[in-house]
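Please open the model in your viewer and follow the stops below, selecting each group of residues as it comes up.

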Amino acid sequence: MSQSIEVLNLRTQRDFQYVLKMETQMKGLKAKFRQIEDDRKTLMTKHFQELKEKMDELLPLIPVLEQYKTDAKLITQFKEEIRNLSAVLTGIQEEIGAYDYEELHQRVLSLETRLRDCMKKLIDLKKRKEEEKRQQEP
């Protein structure tokens with residue numbers, strides 16, 4: 001699971017960097033667009049149309065940026081949960097001699113339940129994202 005989260009984290013970081021780069025370009029285009037509005041009498045129609053087309057190309061990146069921001073927050077939450085689970089597992093390893101088999105088994109079952117809950121949250125989140133994406137499509 002941690003490897004999957006790490007792969008997701010790496011992909012998200014890569015994509016997030018790409019989106020940040022696009023966001024910078026979009027901000028630059030917005031600045032140029034404002035300049036066109038200020039100087040529209042002096043600029044040719046051709047330049048205006050080119051910038052408008054570039055803006056139209058970049059507009060779909062806004063929801064992507066929001067999705068990656070959400071994913072980055074989710075990954076942070078998962079990392080924290082993994083740290084918590086690691087601490088619990090370390091504690092179990094230290095206490096393994098102090099518990100009999102039944103108590104240890106109950107703790108394992110509890111941890112498995114928490115892990116399943118995390119996986120269910122991931123699946124639910126993925127389904128919601130896909131549904132939102134389908135609803136946004138024309």
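By class, the lining of the largest pocket divides into 10 nonpolar, 4 polar and 9 charged residues, and this pocket, in what is a predicted model, has a volume of about 730 Å³. To find its centre, select Gln67, Asp71, Lys126, Lys129 and Glu130, which are the closest to that point of the 23 residues that line the pocket. Then colour α1, α3 (61-95) and α4 (101-136), each of which supplies at least two residues of this lining; α4 gives the most, with 10 residues.

Move next to the second largest pocket, whose volume is about 260 Å³. Its lining can be selected as Met1, Ser2, Ile82, Leu85, Ser86, Leu89, Ile92, Val108, Leu111, Glu112 and Leu115, a set that comprises 8 nonpolar residues, 2 polar and 1 charged. The elements that give two or more residues here are α3 and α4, and the largest share, 5 residues, comes from α3.

For the last stop, show helix α1 (residues 2-38) together with helix α2 (residues 45-58), whose axes come within 10 Å and cross at roughly 150 degrees. Because angles over 145 degrees count as roughly antiparallel, α1 is described as roughly antiparallel to α2, and the crossing of the two is left-handed. On the α1 side of the contact, select Met22, Gln25, Met26, Leu29, Lys30, Lys32, Phe33 and Ile36; on the α2 side, add His47, Phe48, Leu51, Lys54, Met55 and Leu58. Coloured by class, this contact shows 9 nonpolar, 2 polar and 3 charged residues.

Definitions and conventions: Residues numbered from 1 in each chain as written. Predicted model: local features only at pLDDT ≥ 70, side-chain atom pairs only at ≥ 80, totals over all residues. Heavy atoms only, no water. Axes fitted to C-alpha atoms, helices over the stretch in contact; angles between N-to-C directions. Helix = DSSP H or I, 4+ residues; strand = E, 2+ residues; numbered from the N terminus. Parallel < 35°, antiparallel > 145°, perpendicular 65-115°, else oblique. Left-handed = near helix turned anticlockwise from the far one by under 90°. Contact = heavy atoms within 4.5 Å. Nonpolar A, V, L, I, M, F, W, Y, C, P; charged D, E, K, R; others polar. 1 Å grid on protein atoms, 1.4 Å probe; cavity = no way out; pocket = protein on both sides within 12 Å on 5 of 7 lines; lining within 4 Å. Points joined across faces, edges and corners; volume = space filled by probe spheres on them.
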